[in-house]
Amino acid sequence: MDTKEIQKWQQEKAKELFDYSHKLLDAAKDLGAHHIAEMEWSMKNAMDSAKSAAKNDLEKLKGLQEDATKEAAKRAATYQKKVKSVLKDLGESAADETEKHLEKVRSSLVSWLEDAENKMPSHADKLSKVVHEMSTTGQKMFKEGRKIVNQVADTAEKNIDDLVKKSSGGKK
């Protein structure tokens with residue numbers, strides 16, 4: 001890469017970082033909105049319980065607590081899915097950007113090696129092939145690692161969903 005290409009690449013990278021900072025801000029806003037909704041629900045539930053306790057209406061208080069417990073389990077599952085969706089979108093976006101930059105670095109390395117190959121002694125082609133294979137393997141490992149992380153996240157989500165179903169099913 002010559003100086004102009006490096007400058008252009010740095011400008012692109014700066015723009016991408018700026019765009020990504022806006023994605024992070026949007027994700028923070030989404031998470032904040034989800035948190036606020038849960039706090040509002042909790043406050044409403046606490047006020048209803050306090051009113052029933054103040055009136056010494058224990059039967060109504062017990063009913064409110066049972067309903068709140070059931071609703072809390074449902075809301076927790078919904079909340080977990082919303083947060084996972086926001087984080088998954090962020091993770092995929094970050095991985096896509098990283099993969100794009102890895103490809104750019106790999107192609108630059110390959111072109112540099114091809115240029116250097118013409119200037120090096122006779123066994124330079126073997127070195128060039130080794131470096132090219134290493135960079136290709138690294139890129140494949142990144143993609144495979146990304147796939148494994150997504151599988152683990154999906155399995156964890158399924159296990160949490162199963163646990164929530166069991167816990168809410170046992171209290172009915």
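Confidence, element by element: in this predicted model, α1 has the highest mean pLDDT, at 84, while α3 has the lowest, at 74. Taken over the whole protein, the average pLDDT is 78, and 88% of the residues score at least 70. A word of caution for those of us who like to zoom in: where pLDDT is low, the predicted coordinates should not be read in detail.

So, what are we looking at? The protein holds 3 helices and 0 strands, and from the N terminus the order is simply α-α-α. How much of the protein is buried? Of its 172 residues, 19% are buried. As for contacts, take those with a separation of 6 or more: 77% of them join residues 24 or more positions apart.

Let's walk along the chain, starting with α1. This helix covers residues 3–54, 52 residues in total. From first C-alpha to last, α1 reaches 75 Å, close to the 76 Å expected at 1.5 Å a residue. Just past its end, Asn 56 has a positive phi, about 60 degrees.

Which residues of α1 are buried? They are Trp 9, Glu 16, Ala 27, His 34, Ser 49 and Ser 52. I'd like to stop at one of these, His 34. Why does His 34 count as buried? Because its relative accessibility is 19%, and the cut-off for buried is under 20%. Setting aside neighbours within four places in sequence, His 34 touches Tyr 79, Lys 82 and Val 86.

Now step along to His 35, also in helix α1. Buried or partly exposed? His 35 is partly exposed, with a relative accessible area of 39%. Tyr 79 turns up again here: its C-alpha is 8.6 Å from that of His 35, with the two positions 44 residues apart along the chain.

Over to α2, where I picked out Glu 103. At 31% relative accessibility, Glu 103 is partly exposed. What is the C-alpha separation between Glu 103 and Gln 139? It comes to 7.6 Å, for a pair 36 residues apart along the chain.

Last stop, and perhaps the one you have been waiting for: pockets. Rolling a probe the size of a water molecule over the atoms shows where empty space is left. The largest pocket here has about 190 Å³ of space. Which helices supply at least two residues each to its lining? Those are α2, residues 58–119, and α3, residues 124–170. The biggest share comes from α2, with 6 residues.

If you want to select the lining on your own screen, take Lys 84, Leu 87, Lys 88, Gly 91, Glu 92 and Ala 95, then add Arg 146, Val 149, Asn 150, Ala 153 and Asp 154. By character, the lining divides into 5 charged, 4 nonpolar and 2 polar residues. Keep in mind, as you look at that lining, that α3 is the element with the lowest mean pLDDT, 74.

To pull the picture together: we have a predicted α-α-α protein, a first helix reaching 75 Å, a buried His 34 in contact with Tyr 79, Lys 82 and Val 86, and a largest pocket to which α2 and α3 each supply at least two lining residues. Thanks, everyone, and over to you.

Conventions. Residues are numbered from 1 along each chain as its sequence is written. This is a predicted model: local features need pLDDT of at least 70, side-chain atom pairs count only at pLDDT 80 or more; totals for chains, interfaces and linings use all residues. Side-chain values use heavy atoms; hydrogens and water are left out. On a 1 Å grid over the protein atoms alone, a cavity is a set of points where a 1.4 Å probe fits but cannot get out, and a pocket is an open set with protein on both sides within 12 Å along at least five of seven lines; lining residues have an atom within 4 Å of a point. Grid points are joined across faces, edges and corners, and a volume is the space filled by probe spheres set on the points. Helices (H or I, at least four residues) and strands (E, at least two) are DSSP runs, numbered from the N terminus. Ala, Val, Leu, Ile, Met, Phe, Trp, Tyr, Cys and Pro count as nonpolar, Asp, Glu, Lys and Arg as charged, and the others, Gly among them, as polar. The expected span of a helix is 1.5 Å times one less than its number of residues. Buried means under 20% relative accessible area, exposed over 50%, partly exposed in between (1.4 Å probe, protein chains only). Contact means heavy atoms within 4.5 Å. pLDDT is the predictor's confidence in each residue, from 0 to 100.
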